[in-house]
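Biologist: Please take a close look at a single part of this model, the sheet and whatever packs around it, and describe how the pieces are arranged.

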Amino acid sequence: MGSASPGLTALPHGRLAQPDATLPSPPTTPEQPLPAFCLHYFDMLYSEDIAWATKGMGEPSQSGAQEGRGEPQKEPEQCPIIDSQGLGLGAEGDLQASLHLEEHSLEQVQSMVVGEVLKDIETACKLLNIAADPVDWSPGNVQKWILWTEHQYRLPQIGKSFQELSGKDLCAMSEEQFCQRSPAGGDILHAHLDIWKSAAWMKEKAAPGDMRYCDASWVDSEVDSSCAGQPIHLWQFLKELLLKPHNYGRFIRWLNKEKGIFKIEDSAQVARLWGIRKNRPAMNYDKLSRSIRQYYKKGIIRKPDISQRLVYQFVHPV
DNA sequence: AAGTAGGAGGGTT
DNA sequence: AACCCTCCTACTT
C-alpha cells in the first residue's frame, strides 16, 4: 500500500519567506496568512506538474531534497514572463521597467493562484458536503475536513487530536495550539486552515450586494445550494472526482471520456475518499466495488466490452 | 493477492 | 422503497 509517491507533500519547508504580497489578508489573522496561501499552491504545483510557476516567485528551490522522487521531474520550459525576474536585469535603465513588468506578472500569477485555490476549495466543499467557511463547521465537519486534508496532502493522521472541536474553536486556535495538539503536522494543518479562512474572507468581501459568481457554486455565504445535505450517489461522487483530474487524476481517470470509460488507478484511495464523504471509516474497495456492481442492474454503470481490472463504464455518458 | 460477481441481511433516508 | 454498507462464497486474473 501507500504506493503513490511518498513524501511528495511531506513539506519540509515550513514557513517560507515570501515577498510581501499585494493580496488582501483577513484582518482576523495578523500573522500573514498569505504565505500559507502561496505555500498551499506550491504544494499543488508540485503535486501536479506545473512547477514552472514557482520558478520566479521566491520559492527557495525546495532545498533539492525532493528531487528525483518517483517522477522524472522534467525540466519544463520556463515561463518567459516570470523568468524575467531572474534574468536580464543587468542594465540599470531597464530596472524600473523590469520591476513594473515583474509586478504585473506577479499579479497575474497571484490571481491565477487565488482562482485555483478557490476552485479547489469549492470542489472539496462539494465532495465533503461542508460549508466553505470553517467557522460554520460542526465538529463532524471538522473531522471530515481534517481527514480529507490528511489524505490530500499525505499528512500524518492527526484527526483524533482535534475531536470535539467545532469550526469556530478551530479557527480561534493559534499555530502553537495546533502544534501542541499535534506536534507532527499541526503546523501544516494550521496553514491549510488559514487558506480556507482566507478564501472565506475573500468571498465574503467579494460579493456584498451583487453576486457575479452564481455559476460556480457559492452565491452568498450559504454554500450548498444544489445538493445541500442530500445524500450523494456513488456514481455522482465518482463523476465529481473524474471532473477534477487536476486533483484526483492519480486515483481515478477517464480512459475514454466520450464513452464514459474510466479506470480506478488507486482503489484504496478512492474508497477512502468515498468513506470520508459518507462518514464510513471502514469503507474499502471491496465494499465500494459491491456498490458499483449494484449499478449493473440499474443500468448506470457497467463493465466495458473488453473487461479490464478496475475499469468501468458509465452507461449514459454525458 | 487482488479483483469480479452477486446473494443476503441490515441501516438510514 | 431506494441506496447503500457489510459480510459472505465462489470464481478469475
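**The sheet and its helix**

Modeller: In this predicted model, the part in question is an open sheet of 4 strands, which follow one another in the order S1-S2-S4-S3 and pair in antiparallel fashion. Strand S1 (252-256) and strand S3 (301-302) form the edges, each of them pairing on one side only. At the S3 edge, 2 bridges join S3 to strand S4 (residues 311-314), and the two run antiparallel; within S4, Phe314 is the residue that Ile301 stands opposite. Helix H8 packs on this sheet, where H8 touches S1, strand S2 (261-264), S3 and S4, and the direction of H8 makes about 85° with that of S1.

H8 also has a helical neighbour, for H8 (residues 234-243) packs with helix H10 (residues 267-277) at an angle of about 120°, the two axes lying 11 Å apart. Because angles of 65 to 115 degrees count as roughly perpendicular and those over 145 as roughly antiparallel, this angle makes H8 oblique to H10. The crossing of the two helices, H8 and H10, is right-handed. On the H8 side the contact is made by Leu234, Phe237, Leu238 and Leu241, while H10 contributes Val270, Leu273, Trp274 and Arg277. Sorted by class, this contact of H8 with H10 comprises 7 nonpolar residues and 1 charged residue, with no polar ones. Taken together, H8 packs on the sheet and packs with H10 as well.

How values were computed
Residues numbered from 1 in each chain as written. Chains lettered and ligands numbered in written order. Predicted model: local features only at pLDDT ≥ 70, side-chain atom pairs only at ≥ 80, totals over all residues. Heavy atoms only, no water. Axes fitted to C-alpha atoms, helices over the stretch in contact; angles between N-to-C directions. Parallel < 35°, antiparallel > 145°, perpendicular 65-115°, else oblique. Left-handed = near helix turned anticlockwise from the far one by under 90°. Contact = heavy atoms within 4.5 Å. Nonpolar A, V, L, I, M, F, W, Y, C, P; charged D, E, K, R; others polar. Pairing = 2+ DSSP bridges.
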